[in-house]
Every structure is written in structure tokens, then in C-alpha cells.
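Reader: I'm new to this one and would like to learn how to read it. Could you show it to me and walk me through?

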Amino acid sequence: MRIVIAGGHGQIALRLERLLAARGDEVAGIIRRAEQGDDLREAGAEPVLLDLESASVEEVAAYLQGADAAVFAAGAGPGSGVARKDSVDKAAAVLFADAAVRAGVRRFVVVSSMGADPAHEGDEVFDVYLRAKGEADAYVSRLDALDWTILRPGSLTNDAGTGLVRLEARTGRGPVPRDDVAAVLAELVDSPATAGLTLELISGPAPVSVAVKSVAGN
């Protein structure tokens, strides 16, 4: 498969790129800064220099041509303010989805956040973030031209992955290592039977492949 990842230098994205490249997939990661390219090459991915905050749908679609799947894993990051929650966590996700439709890429996986909700209340930066993610998820879920899956991990940690997770429509809050999030994403990309599902993810009792198979088609 050829897979294009938005936010290619993110902590989850770099882990995902290593997994996909190791299993023989062709991976491209969209990055904003040229100096990030070496990290992607080390992970086995092709760096694509493109700013999703200023690019057009046509420009993004050009890089998605011929891809089998697209993964939105970009984020403004914890140090960013309100404006970039809207321009990255919402607007860039919408742009990437529209570009996938334009390029004819049906398989589309979103890395969202537990608690994402367009109706989330509050004025703190994290409240704005959850609204932005929720609005982006809602937009993607209305696109009939995409076989979308939305993944909402719990509290992210840098602990070593265990390969054991709980993946359900509702899991309740809990931690999950970024390693395991990446492993689940790698399975989801290759599991179109999970299309149309919004799934929460925390650490749990089930091996990743079993957890993905159990929700496929439900």
C-alpha cells in the first residue's frame, strides 16, 4: 500500500511510519519544516514538504494521487494557542479530507482525541482543542466519498507499548502508550471493515490485531 500521513513528524506518526515501512508499505509523511526530513527518512518514510495551514486542496490532492490510504495525524501541539487549534486541528483536517476526496483516496483514518465534541463547552485552550477536533471529526464523518475511521486515544504516554488495548465505541478514560496507538493505526489502515466507526482506545486486555478485528463491521 501507499499511505500518506499528515503531520508526519508527530510522535505517533513517526512510530506509525516505522511500522508501515517495516511491513513493506510505501509511506509519505507531510511535514512543515525541511529539517524534519531526516527523521522521516530514518523511519522509512518519504518526507513531503507542505504547510497544511496555507496549502490549497489541489496542492494537497496532488500528493495524495495514487495513495491507497490517508492518515490525519497532525496537531497544533500542546504549546499552541487558540488560533492554531482552529487552523490545524480543525481546518487542516478538513483540508486533508477534501483533498483525499479530490484525489479519489477512499480509506481515511483520523487520529482524534478522547472527549472531542463540537458541542464541548469552555473557553480554555484545551476546551477549544476538543471542540476543534470534534468539528473536524463531524465534517469527516459526513463525507460519503471516504471510508473513514476516527480513532480517539485516551491519555497518551511514552511508556513502551504492550500490544494490549481496549478498542470500543466507548472505553471510558485511561492511558495508552503512543506505541500502541501507532500499532492500532497500522491495523486500521489495512482494515476497511472498520469504516464508519468512531473508536476510543486505551490500554486493555486484547492484542491489537484481535481488538481491531472485533470491532470491524460492528
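**Reading helix α4 and its surroundings**

Author: Let's start inside helix α4, where Lys-85, Val-88, Asp-89, Ala-92, Ala-93, Val-94, Leu-95, Phe-96, Ala-97, Ala-99, Ala-100 and Ala-103 are buried. Buried means under 20% relative accessible area, exposed over 50%, and partly exposed in between (1.4 Å probe, protein chains only). This is a predicted model, in which local features need pLDDT of at least 70, side-chain atom pairs count only at pLDDT 80 or more, and totals for chains, interfaces and linings use all residues. Residues are numbered from 1 along each chain as its sequence is written, and side-chain values use heavy atoms, with hydrogens and water left out.

Reader: What covers the buried residues of α4?

Author: Look for contacts, meaning heavy atoms within 4.5 Å. The cover includes β1 (2-6), β2 (26-31), α3 (57-64), β4 (69-72), β5 (107-111) and α5 (125-141). Those labels are DSSP runs numbered from the N terminus: helices are H or I with at least four residues, strands are E with at least two.

Reader: How far apart should the ends of α4 be?

Author: The expected span is 1.5 Å times one less than the number of residues. For the 22 residues of α4 (82-103) that gives 32 Å, and the end C-alpha atoms are 30 Å apart, which agrees. There's also a kink of about 35° centred on Ala-91; the bend at a residue is the angle between axes fitted to the seven residues ending there and the seven starting there. After α4 comes Gly-104, with a positive phi near 75°.

Reader: And which elements do the buried residues of α5 pack against?

Author: They pack against β4, α4, β5 and β6. Among the buried residues of α5 are Tyr-129, Leu-130 and Val-140.

Reader: How do I read the sheet?

Author: Strands of a sheet pair through backbone hydrogen bonds, either parallel or antiparallel. Here two strands pair if DSSP finds at least two bridges between them. Nine strands form an open sheet with mixed pairing, in the order β3-β2-β1-β4-β5-β6-β10-β8-β11. At the edges, β3 (46-49) and β11 (206-207) each have a single partner strand, so one side of each lacks a neighbour in the sheet.

Reader: How many bridges join β6 to β10?

Author: Five, and β6 (147-153) and β10 (197-203) run parallel. Ile-150 stands opposite Thr-198 in β10.

Reader: What does the whole chain look like?

Author: It has seven helices and 11 strands, and 50% of its 218 residues count as buried. The C-alpha atoms fill a box of roughly 45 × 40 × 35 Å, taken along the principal axes.
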